[in-house]
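Visitor: I'd like to go through this model with you and hear the reasons behind the labels. Can you show it to me first?

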Amino acid sequence: MFDSLSTKFTSIMKTLSGKSKITEKNIRDAMEEIKISLLDADVNLRVVRRFINSTLEEALGEKVLLSVDPGQQFTKIVYDKMVALLGGEDQALHLKGKDATSVILMMGLQGSGKTTTAAKLANMLKNKEGRKVMLVAADLVRPAAVTQLQVLGDKVGVRVFSIPGEKDPVRVAREALSTARHELYDTVIVDTSGRMHLDEVLMNEIQNVARAVSPDETLFVADAMTGQNAVTIAQEFESKVGISGVVLSKFDSDTRGGAALSLKSVVGKPLKFIGTGEKIGDLEVFHPDRIAQRILGMGDVVSLVEKAQELYDEKEAEKLARKMQKNTFDLQDYLDQLEQMNKMGSVDKLIEMIPGAKGNISEDDIDMKQFEIQKAIIKSMTKFERENYRIIGPSRRKRIAKGSGTSVADVNRLLKTFEKQKLMLRKVMNNKKLMAQMMKNFS
């Protein structure tokens, strides 16, 4: 998500950041481009107007126009306004301690990804927060909804409560909560029925379930691909049932991003989680500041380091950081990263987290389909060649290609990709502020 918007914002910011002096006209022209970009991204018109007016008011002051580095000052203002637009500070779940039972009620239309999101959330709370979680199959309308939740529950190792043949979701929810309290579950996640569209029956049903279990959190699951329609539906659920936060599913889809940028301003409720893929672990806490950085092309080092920390122990992380800092990252290190790549997520998501990578490295440079070929090529090299790639001349390339069952063109492509990464890493390492942040997070 935000690919098109990020490309446009990055271009706008680059134009101004390169100027030693900017005028009121420069700023107004930039804001006009930003306005068009936001509208193209399907952001709510009133939200766009407020964003533009608020940013202009601050950007046209002496703080920017007379600044030593006006381009950076302008970028900082746009960044701060974007963070505010996305919700400001992170919004955590408000759950009771583990000595009591907390209830999370999941709501949304059919097809929004509600049931899958319930299982992803259960997985997150179980593995990252150590909570004892029970999933409740209270969606008794959609065929196979109970079965789907049971399959997902088995996958994440979480109990799924259901009552075979029961038609009343209120009874299922009430019995589940009673069982959870008796068996000392500290978290209950209730999956409720959805419909193809909003109707009075759906709202009455969810209101009754909510009254029966008094949830600590009522999470509305919205499909990012529905755009502004997701915002309208969220408003309806807020007015009829009340929601404490929003989960935006299919955040990795090729959509314009209008829902994410409009939800907080229009509905008044925070985005708490985003679904970033189909795997059970593809649910992330929504961080407004990190998403704003990605939109403005600044990367997201914190998220990148967090992903790395899930795969590396502390010693390995420190070793990698030192090699990056000293610019001694070699082909053996690159091979190690290829082995880990699938665990860290898709290439496009990783690229947008790396400062300076967007626009310099593309998915074509690190094609997932080419990973096995690249690994075979590196494994056909000698230890000395992996440590000193510059010695790999025509005769060595021919030998490596033959040994790996690939072509000389494949070997050339790998070395070109590796050189691009080395150059990008060197730029990152020269940014002392960024390096300090990275080392702090690795430690």
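Visitor: What makes you call both faces of β6 covered?

Guide: Buried means under 20% relative accessible area, exposed over 50%, and partly exposed in between, with a 1.4 Å probe and protein chains only. On one side of β6 the buried residues are G245, V247 and S249, and on the other they are V246 and L248. That is 5 of its 5 residues buried. One caveat up front: this is a predicted model, in which local features need pLDDT of at least 70, side-chain atom pairs count only at pLDDT 80 or more, and totals for chains, interfaces and linings use all residues. Residues are numbered from 1 along each chain as its sequence is written, and side-chain values use heavy atoms, with hydrogens and water left out.

Visitor: How do you know where β6 sits in the sheet, and what is the strand order?

Guide: Helices (H or I, at least four residues) and strands (E, at least two) are DSSP runs, numbered from the N terminus. Two strands pair if DSSP finds at least two bridges between them. Here that gives an open sheet of 8 strands in the order β3-β2-β4-β1-β5-β6-β7-β8, with mixed pairing. β3 (159-161) and β8 (283-285) are the edge strands, since each pairs on one side only. From one strand to the next the twist averages 25°.

Visitor: What makes β5 and β6 a pair?

Guide: The bridge count: 5 bridges join these two parallel strands, against the required minimum of at least two. A222 stands opposite L248 in β6.

Visitor: Which strands pair with β1, and over how many bridges?

Guide: β1 (residues 102-107) pairs with β5 (residues 217-223) in the parallel sense over 4 bridges, where I104 has E217 as its bridge partner. With β4 (residues 187-192) β1 shares 5 bridges, again parallel, and V103 stands opposite V188 there. β1 is mostly covered too, with 6 of its 6 residues buried: S102, I104 and M106 on one side, V103, L105 and M107 on the other.

Visitor: How do you know which helix packs on β6 and β7, and at what angle to β6?

Guide: Contact means heavy atoms within 4.5 Å, and helix α11 (residues 258-267) touches β6 (245-249) and β7 (271-275). For the angle, axes are lines fitted to C-alpha atoms, for helices over the stretch in contact, and angles run from 0 to 180 degrees between N-to-C directions. The direction of α11 makes about 175° with that of β6.

Visitor: Why is V209 called buried?

Guide: V209 has 1% relative accessibility, so it counts as buried. This residue lies in helix α9 (residues 200-213). Leaving aside neighbours within four places in sequence, V209 is in contact with L105, P169, V170, A173, V190 and T192.

Visitor: And why is α12 described as largely enclosed?

Guide: Of the 8 residues of α12 (residues 288-295), 6 are buried, so the rest of the structure largely encloses this helix. The buried ones are P288, R290, I291, A292, R294 and I295. G297 follows α12 and has a positive phi, near 75°.

Visitor: Where do you find a positive phi outside glycine?

Guide: Most residues other than glycine have a negative phi, and most peptide bonds are trans. D42 has a positive phi near 70°, in the loop between α2 (24-40) and α3 (45-59). L184 has one of about 65°, in the loop between α8 (169-182) and β4.

Visitor: Are those two exposed or partly exposed, and why?

Guide: D42 has a relative accessible area of 23%, so it is partly exposed. L184 reaches 65%, so it is exposed.

Visitor: What makes something a cavity, and how many are there of 30 Å³ or more?

Guide: On a 1 Å grid over the protein atoms alone, a cavity is a set of points where a 1.4 Å probe fits but cannot get out; lining residues have an atom within 4 Å of a point. Grid points are joined across faces, edges and corners, and a volume is the space filled by probe spheres set on the points. There are 3 cavities of 30 Å³ or more, and the second largest has a volume of about 40 Å³. Its lining is Q370, I373, Q374, I377, D410, R413 and L414, with α17 (371-379) and α20 (408-429) each supplying at least two residues.

Notes:
On a 1 Å grid over the protein atoms alone, a cavity is a set of points where a 1.4 Å probe fits but cannot get out, and a pocket is an open set with protein on both sides within 12 Å along at least five of seven lines; lining residues have an atom within 4 Å of a point.
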